[in-house]
Amino acid sequence: MKNIILTGDRPTGRLHLGHYVGSLKERVKMQNEDDYESLFVMIADTQALTDNYGNPQKVRDNVIEVMLDYLSVGLEPDKTTFFIQSAVNALPELTTYYMNLVTLPRVLRNPTVKSEIKARGFDEEKEGIPVGFATYPISQASDITAFKANLVPVGDDQLPMIEQAKEIVKSFNTTYQEVLVTPKAVIPEEKVCSRLPGIDGNAKMSKSLGNCIYLADDTETVKKKIKSMYTDPLHINITDPGHIEGNTVFTYLDVFCKDEHFAKYLPEYHNLEELKNHYQKGGLGDVKIKNFLFAIIEELLTPFREKRAFYEQHLDEVLEILKEGSAKANQVANQTLLEVKEAMGITYFDDKNFLIEQNNKYTKI
Ligand code: ATP
Ligand code: MG
């Protein structure tokens with residue numbers, strides 16, 4: 001069986017290095033393999049509105065920003081279907097039916113939702129949590145199942161969402177008929193990539209936390225951000241022994257640095273092990289390791305910026321890609337919705353048996 005892949009991002013800001021290593025990189029790889037049938041990439045505006053309902057302009061502005069980021073990293077419209085969540089009507093309809101298969105305590109137990117409630121500052125006692133926000137994992141199950149996706153490349157904060165989707169699939173298929181496909185999360189092999197920390201050392205680089213290096217940041221901005229990065233507070237003088245654990249510069253080097261970068265940018269060392277040993281012994285300053293990281297990140301981002309600059313001048317083309325993708329997404333999702341409704345016995349007008357059954361009740365023998 002060939003793979004059907006669905007992933008997406010919330011248009012709450014531009015995409016950052018965390019998105020790249022956590023999910024985008026894998027998508028580009030999958031797009032270029034031939035063991036997949038289709039790759040759907042969704043801009044999750046409906047989901048973004050669940051906690052940005054008061055700021056629709058932010059969501060509206062970031063739809064194109066996120067799309068530009070996709071194109072900049074090398075996702076290609078002839079290999080990938082890009083679409084906007086709110087443009088696919090079958091999704092909220094599926095959500096309505098799935099809501100009956102999930103209990104309220106189950107929804108509120110979701111650990112990601114719990115931590116996001118805290119991070120977003122919703123006050124449970126005062127104004128309460130919007131129902132749309134608390135139930136967005138159900139809508140995410142609709143996104144995945146509408147396309148019969150079997151693979152979902154995500155960062156590890158999304159694992160509870162995939163669990164919820166699996167439960168809904170199981171419940172639907174046993175309550176009604178085997179229509180839905182059980183999805184599997186694809187998380188990066190390297191643990192650190194499934195949750196890249198922020199430049200401030202916070203556990204997760206996140207648009208909402210303002211601790212990101214964005215894929216579209218210019219050279220000066222990247223330089224400034226790397227210069228300000230969290231390292232080792234105990235490493236005050238160059239001669240002091242430094243710590244690697246929890247040192248964000250080394251965490252990023254673990255993720256982005258390859259041996260060939262040393263030959264190009266830091267020939268005194270052959271590999272990361274040597275650099276780490278020197279840092280731990282003392283005698284290696286933060287400026288040097290930050291400059292090295294900067295050179296590596298620049299090398300990664302330069303081609304992205306060039307592609308982005310092209311599409312920034314061709315926004316009509318970008319919108320057209322989204323329009324065509326959304327039309328294709330509608331076709332696929334409508335077909336699944338039809339199968340779902342048939343399985344539930346609620347396609348009254350196209351179901352020949354419906355009238356026969358009802359007539360039978362009144363037929364006198
Ligand atoms: P927000 O703060 O608005 O929730 P976000 O930065 O968390 O934004 P999302 O759009 O919620 O970004 O996430 C999109 C995808 O990127 C998800 O699969 C998520 O797991 C992944 N992702 C986000 N941040 C990181 C990160 N720091 N490391 C690895 N993956 C990440
Ligand atoms: Mg998020």
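Which residues lie nearest the centre of the second largest pocket? The legends below take up this question after the views of ligand 1; the model shown is predicted.

**Figure 1. Residues around ligand 1 in the predicted model.** The shell around ligand 1 holds 22 residues, and the closest are His19, Asp157, Lys204, Ser206 and Ser208. By residue class, this shell comprises four nonpolar, 11 polar and seven charged residues. Strand S1 (3-9), helix H1 (17-31) and helix H10 (191-194) each contribute at least two residues to the shell. The most comes from H1, which supplies three residues.

**Figure 2. Polar contacts and burial of ligand 1.** An oxygen atom of ligand 1 lies 3.0 Å from an N or O atom in the side chain of histidine 16. A nitrogen atom of ligand 1 is placed 2.8 Å from a polar backbone atom of leucine 196. For lysine 207, an N or O atom of the side chain is 3.0 Å from an oxygen atom of ligand 1. Ligand 1 taken alone exposes 600 Å², of which the protein buries 97%.

**Figure 3. The largest pocket, whose space is taken by ligand 1.** This pocket has a volume of about 960 Å³. Its lining consists of 43 residues, and those nearest the centre are Arg10, Glu116, Asp157, Gln158 and Lys204. Asp157 and Lys204 are also among the residues closest to ligand 1. At least two lining residues come from each of S1, H1, helix H6 (111-120), helix H8 (136-146), strand S4 (151-153) and H10. The lining divides into 15 nonpolar, 18 polar and 10 charged residues.

**Figure 4. The second largest pocket and its lining.** The volume of the second largest pocket is about 600 Å³. Of the 21 residues that line the second largest pocket, Val21, Lys25, Glu190, Cys193 and Val255 lie nearest its centre. Two or more lining residues are given by each of H1, helix H12 (248-256) and helix H15 (286-312). The largest share, six residues, belongs to H1. In this lining, 12 residues are nonpolar, two are polar and seven are charged.

**Figure 5. Helix H1 at ligand 1 and at both pockets.** H1 provides three residues of the shell around ligand 1. In the largest pocket, H1 is one of the elements that supply at least two lining residues. In the second largest pocket, H1 accounts for six residues of the lining.

Methods:
Residues are numbered from 1 along each chain as its sequence is written. Chains are lettered from A and ligands numbered from 1 in the order in which they are written. This is a predicted model: local features need pLDDT of at least 70, side-chain atom pairs count only at pLDDT 80 or more; totals for chains, interfaces and linings use all residues. Side-chain values use heavy atoms; hydrogens and water are left out. A residue is near a molecule or strand if one of its heavy atoms lies within 4 Å of it. A polar contact is a pair of N or O atoms within 3.5 Å; within protein, one must be able to donate a hydrogen and the other to accept it, and residues adjacent in sequence count only if both atoms are side-chain atoms. Accessible areas come from the Shrake-Rupley method with a 1.4 Å probe; for residues, only the protein chains shown count as cover. On a 1 Å grid over the protein atoms alone, a cavity is a set of points where a 1.4 Å probe fits but cannot get out, and a pocket is an open set with protein on both sides within 12 Å along at least five of seven lines; lining residues have an atom within 4 Å of a point. A molecule sits in a cavity or pocket if more than half of its atoms lie within 2 Å of its grid points. Helices (H or I, at least four residues) and strands (E, at least two) are DSSP runs, numbered from the N terminus. Ala, Val, Leu, Ile, Met, Phe, Trp, Tyr, Cys and Pro count as nonpolar, Asp, Glu, Lys and Arg as charged, and the others, Gly among them, as polar. Grid points are joined across faces, edges and corners, and a volume is the space filled by probe spheres set on the points.
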